[in-house]
Amino acid sequence: MVPAPRLVELVNERLEEFLADRASILRSIAVDLDPLSGFSERFLSGGKRFRARFCHLGWEAVRGRGDGSADAGDEAGLAAVVSASAALEVFHAAALVHDDLIDHSDTRRGAPSAHRVFEGQHRDSGWSGDSADYGRGTAILLGDLLLGWSDELLDEGLAGLGSFAAVRAARLEFNRMRTEVTAGQYLDILEERAWHARAETEQRARAERVVVYKSAKYSIEAPLAIGGAIAGASRGDLEALRAFGLPLGVAFQLRDDLLGVYGDPGVTGKPAGDDLREGKRTVLVAIARERMDPADRRRLDDLLGDPDLTEAQVADLQGAIRDAGAVDAVERLIDENTAQAMAALDAADLQPDAAAGLAELADAVTRRVS
């Protein structure tokens with residue numbers, strides 16, 4: 001089995017090669033496009049590569065047991081899974097560029113978000129028009145460009161597989177993921193704006209739906225399924241990977257929701273309480289509202305989503321959410337979903353080394369501090 005550090009190296013090398021090629025295409029059109037390729041290279045140069053690692057382990061977990069398209073030592077299979085893993089990273093980058101734009105986020109990974117970078121380029125260059133408009137428009141186009149590039153990267157990798165069935169299955173999994181995460185992003189926007197028109201009894205269920213489709217499926221379940229599909233996985237193998245991946249993905253996002261309210265800015269790369277300023281209607285918020293008295297609930301509703309929240313107001317909301325018992329409740333949900341995922345992993349008939357790797361990665365994504 002390819003060790004995790006080596007897999008990350010291979011994915012990074014593939015990304016560098018691909019982005020260099022696309023940068024040359026952009027340069028052949030106009031040097032004015034260099035900022036797009038430059039930002040893409042910087043944005044994709046780091047990260048934990050969780051999605052890439054899940055994709056690879058999904059492949060390792062079932063390879064050699066499918067239709068013969070990915071037997072042990074199959075270089076074409078490894079090349080395909082490395083390209084698919086890199087494609088997932090590019091797709092994730094596209095989603096983050098658009099997500100930051102939608103949420104009006106100023107930073108990402110401790111640096112200015114894409115629309116703020118291009119806003120600054122416009123302002124510093126003294127161009128005509130509105131700098132913020134230029135930044136937003138450029139970020140939309142950059143996200144679209146990255147989205148298209150993720151498809152190209154995937155197809156380049158799949159082209160080397162000898163099995164049409166594996167190629168088709170992997171492409172269908174990628175397409176499904178793309179639809180689900182876009183739908184989940186819309187549902188997230190919807191809940192931030194329509195929550196007050198919903199029945200109180202629906203708030204938590206709607207927040208849980210956003211968790212599943214905006215994050216859980218595309219962060220873990222889909223990468224596992226794409227890797228498994230490249231290996232020619234059977235329906236039973238894919239079901240086993242999904243049974244592990246979905247609850248783990250829920251736990252992963254619930255941890256992210258806690259970090260969005262209580263994370264250390266020096267570690268997360270985002271301002272403290274950023275989700276509070278953005279008005280995220282997360283499961284954490286839904287549980288807090290269920291447990292608060294009417295006065296505290298009204299105060300939470302009045303302040304949540306105010307981009308000008310002071311540090312004192314953020315601290316006040318953090319304390320109120322914690323005092324309501326919502327933090328402890330979400331920690332229990334993380335533990336429950338992680339346990340469900342591990343039970344599914346124990347019950348699955350997967351390659352032992354890959355199963356061990358999945359267990360280790362599960363611990364990393366649910367107990368992370370950034």
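A cavity is a set of grid points where a 1.4 Å probe fits but cannot get out, and its lining residues have an atom within 4 Å of a point. The legends below describe close-up views of a predicted model.

**View A. The second largest cavity of the predicted model, lined by residues that include Glu173 and Arg242.** The lining is formed by Glu173, Arg176, Met177, Glu180, Glu221, Ala222 and Arg242. Helix 7 makes the greatest contribution, with 4 residues, and helix 8 also supplies at least two. By class, the lining residues comprise 5 charged, 2 nonpolar and no polar. The enclosed space amounts to about 30 Å³.

**View B. The largest cavity, with Trp195 among its lining residues.** The volume of this cavity is about 80 Å³. Its lining consists of Glu191, Trp195, Gln203, Arg206, Ala207, Arg281, Thr282, Val285, Ala286 and Arg289. At least two of the lining residues come from helix 8 (203–230), and at least two from helix 12 (283–291). Charged and nonpolar residues number 4 each, accompanied by 2 polar residues. In total, the model contains 2 cavities of 30 Å³ or more.

**View C. The second largest pocket, with a lining of 18 residues.** This pocket holds about 340 Å³ of space. Closest to its centre are Asp103, Arg277, Glu278, Gly305 and Pro307. Two or more lining residues are given by each of helix 4 (75–103), helix 7 (164–194) and helix 11 (274–278). Helix 11 has the largest share, 3 residues. The lining includes 9 charged residues, together with 5 nonpolar and 4 polar ones.

**View D. The surroundings of Ser105, a residue in the loop between helix 4 and strand 1 (107–108).** Ser105 counts as buried because its relative accessibility is 2%, below the 20% cut-off. Its side chain makes a polar contact with the side chain of Glu278, at 2.5 Å. Beyond residues up to four places away in sequence, Ser105 touches Asp100, Ser113, His115, Arg116, Lys270, Asp274 and Glu278.

**View E. The largest nonpolar core, which has 76 residues.** Phe54, Leu146, Ile230 and Phe244 touch the most other members of this core. Helix 4 provides the largest share, 14 residues. A second, separate core has 30 residues, among them Val261, Leu317, Ala329 and Val330.

Terms used: Residues numbered from 1 in each chain as written. Predicted model: local features only at pLDDT ≥ 70, side-chain atom pairs only at ≥ 80, totals over all residues. Heavy atoms only, no water. 1 Å grid on protein atoms, 1.4 Å probe; cavity = no way out; pocket = protein on both sides within 12 Å on 5 of 7 lines; lining within 4 Å. Points joined across faces, edges and corners; volume = space filled by probe spheres on them. Nonpolar A, V, L, I, M, F, W, Y, C, P; charged D, E, K, R; others polar. Core = buried A, V, L, I, M, F, W, Y, C linked by side-chain atoms within 4.5 Å. Buried < 20%, exposed > 50% of the residue type's maximum accessible area, 1.4 Å probe, protein only. Polar contact = N/O pair within 3.5 Å; in protein donor to acceptor, adjacent residues only side chain to side chain. Contact = heavy atoms within 4.5 Å.
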